[in-house]
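User: Please take a close look at one part of this model, namely the sheet and the side-chain links that can be described alongside it. A single connected account in formal terms would be preferred.

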Amino acid sequence: MKDSRVRSGAGLGLAALLAATVLSGAAYGQTPDMSGIYWATEYHPKIQLVGGGELPLTAAGKAAYEKNMAGLKDGSITDTARKFCVPDGLPRVLATPYPFEIIQAPPGQVTMVHELNHQIRVVAMDKPMPSDKELIPFPFYNGHSVGHFEGDTLVVDSAGFNEKTFIDATGAPHTDEMRTTERIRKISPTQLEDVITIHDPEYYTRDWQARFVYTLRNDVRLEDYVCGEPHRDISGVAGVRRP
């Protein structure tokens, strides 16, 4: 009797494991479903490194950061993303306290639409990154992005950035040689994780990572965002500075 119960329990455990595998969306080569509206539960104006610590700045990076911070303080440098609603750039756009939507369409493309500044990121799927010769004449705020799936993870490589954006709201710098790799995956049915690796050897002594987690919020819809006008209430996002 005991043996039959053990076998029965083992069978139920195996069945549950198989069911979870099928439901993961990555089973049998199926494309994982990441579509939906997501919203961060916390916000940090200064980027938080995986493992903690400060940005690993080179001497040139430190000088650029100090110049940015001083300029933002005395007004000689403008945070154009906030004053003129230009795109935030990577990785700052990932720290948004406003919702964004992932659309796995049209075919061969993943589209990310951010409420903040009406930013749109287009990820060309299963295509090579354009060559430096092709990227240099057309630098983008959020770079040029290509992606592919590795199991349940969407891997997005980006390059071809302009130098008009900051790494974060404090003015952390990057060069136009920056390259990023994001690994985006569902860590639960209602949570999305994006771990981004930054490669920019002129300003940073080593590659470094930041991690962002969002909650699936298909109960909300993206709204208009216009610089200088009132927007939705984001006071529920931890870390947002209250008026």
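Analyst: Strand β1 (residues 36–40) runs antiparallel to β2, and 3 bridges join the two. Within this pairing, G36 stands opposite I102 in β2. The model is a predicted one. The two strands belong to a closed barrel of 9 strands, whose order is β1-β2-β3-β4-β5-β6-β7-β8-β9 and whose pairing is mixed. From one strand to the next, the twist averages 30°.

Two strands of this barrel also carry partners of a salt bridge. The side chains of E150 and R183 meet at 3.2 Å, N to O. The pair connects distant parts of the chain, since E150 lies in strand β5 (residues 144–150) and R183 in strand β7 (residues 179–188), 33 residues apart. With a relative accessible area of 39%, E150 counts as partly exposed, and R183 is likewise partly exposed, at 37%. Neither value is under 20%, the limit for a buried residue, and neither is over 50%, the limit for an exposed one, so both residues fall in the class between.

Salt bridges that share partners also join D79, R82, D88 and R92 into one network. In general, side chains of opposite charge can pair when their charged atoms come close. Within the network, D88 takes part in two of the contacts described here: one with R82, at 2.5 Å from N to O, and one with R92, at 3.5 Å from N to O. The surroundings of these residues can be stated as well. D88 has a relative accessible area of 1% and is therefore buried, and R92 is buried too. R82, by contrast, is partly exposed, with a relative accessibility of 35%. The contact between D88 and R82 thus joins a buried residue to a partly exposed one, whereas that between R92 and D88 has both partners buried. Across the structure as a whole, 12 salt bridges are present.

A covalent link is to be considered next. A search of the whole structure finds 1 disulfide, formed by C85 and C227, with their sulfur atoms 1.8 Å apart. The torsion about the S-S bond is about 120°, so this disulfide is right-handed. The link spans distant parts of the chain: C85 is in the loop between α3 (80–83) and β2 (100–103), while C227 is in the segment after β9 (208–216), and the two are 142 residues apart. C227 is partly exposed, with a relative accessible area of 24%.

Helix α2 completes the account. This helix comprises 16 residues (59–74) and reaches 23 Å from its first C-alpha to its last, close to the 22 Å expected at 1.5 Å a residue. Its buried residues are G61, A64, Y65, N68 and G71. Seen down the axis of α2, these fall within an arc of 135°, so they line one face of the helix. The face turned away from that buried side carries the exposed residues A59, K67, K73 and D74. After α2 comes G75, whose phi is positive, near 90°.

Definitions and conventions: Residues are numbered from 1 along each chain as its sequence is written. This is a predicted model: local features need pLDDT of at least 70, side-chain atom pairs count only at pLDDT 80 or more; totals for chains, interfaces and linings use all residues. Side-chain values use heavy atoms; hydrogens and water are left out. Helices (H or I, at least four residues) and strands (E, at least two) are DSSP runs, numbered from the N terminus. The expected span of a helix is 1.5 Å times one less than its number of residues. Buried means under 20% relative accessible area, exposed over 50%, partly exposed in between (1.4 Å probe, protein chains only). The arc is that of the directions from the helix axis to the C-beta atoms. A disulfide is a pair of cysteine sulfur atoms within 2.5 Å. A salt bridge is a side-chain nitrogen of Lys or Arg within 4 Å of a carboxyl oxygen of Asp or Glu. Two strands pair if DSSP finds at least two bridges between them. Axes are lines fitted to C-alpha atoms, for helices over the stretch in contact, and angles run from 0 to 180 degrees between N-to-C directions.
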